[in-house]
Amino acid sequence: MNKHPFNRRVNAPKKHVLYNRWNNLKQLINNPNHSNYNWYGGKGITLHKAWETNFIVFLLWSTQNGFAPNLVLTRRDKSKGFNPENCFYAEHNKSLEPIKL
């Protein structure tokens with residue numbers, strides 16, 4: 001029995017390098033058992049709702065805002081959450097808050 005070829009396209013985003021980073025970011029914010037939760041979700045740091053619920057939205061924003069595999073996501077204002085207005089990609093050593101997602 002052959003699987004419908006559309007299934008491969010549906011699962012393709014999970015293979016994107018950003019998928020694991022996105023999933024880890026959600027864990028930082030929402031999972032009290034994550035090793036770094038106390039620094040993020042535990043301090044009230046939030047994740048932009050559209051990013052949290054839709055990987056494609058996060059992927060599109062990232063690719064339109066300088067994402068490259070060697071860069072890390074960081075926040076301009078550490079008191080604010082992860083959202084399009086507050087985030088950017090930077091080199092690990094130049095990042096104000098390196099988050100290796």
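Here is a short chat about the aromatic rings in this predicted model.

Biologist: How many aromatic pairs turn up in a search of the whole structure?

Modeller: The search finds 8 of them. Tyr40 and Phe82 make one pair, with ring centres 6.1 Å apart and planes at 45°.

Biologist: Why is the pair of Tyr40 and Phe82 called tilted?

Modeller: Stacked needs planes under 30 degrees apart and edge-to-face needs over 60. The planes of Tyr40 and Phe82 are at 45°, so the pair is tilted.

Biologist: Which parts of the chain does that pair link?

Modeller: Distant ones, 42 residues apart. Tyr40 sits in the loop between helix H2 (17–30) and helix H3 (49–53), and Phe82 in the loop between strand E1 (71–75) and strand E2 (87–91).

Biologist: How do you know whether Tyr40 is buried or exposed?

Modeller: Buried means under 20% relative accessible area. Tyr40 has 11%, so Tyr40 is buried. Phe82 has 0%, so Phe82 is buried as well.

Biologist: And what makes Trp51 and Phe58 an edge-to-face pair?

Modeller: Their planes are at 75°, and the cut-off for edge-to-face is over 60 degrees, so the name fits. The ring centres are 5.2 Å apart, and both Trp51 and Phe58 are buried.

Biologist: Which residues form a cluster with those two?

Modeller: Trp61, Phe67 and Tyr89 join Trp51 and Phe58 in one aromatic cluster.

Biologist: What lies over the face of Phe82?

Modeller: Arg75 does, at 4.9 Å from the ring centre. Elsewhere, Lys26 lies over the face of Trp22, at 3.8 Å from the ring centre.

How values were computed:
Residues numbered from 1 in each chain as written. Predicted model: local features only at pLDDT ≥ 70, side-chain atom pairs only at ≥ 80, totals over all residues. Heavy atoms only, no water. Phe/Tyr/Trp six-rings, centres within 6.5 Å; stacked < 30°, edge-to-face > 60°. Helix = DSSP H or I, 4+ residues; strand = E, 2+ residues; numbered from the N terminus. Buried < 20%, exposed > 50% of the residue type's maximum accessible area, 1.4 Å probe, protein only. Lys NZ or Arg CZ within 6 Å of the ring centre and 35° of its normal.
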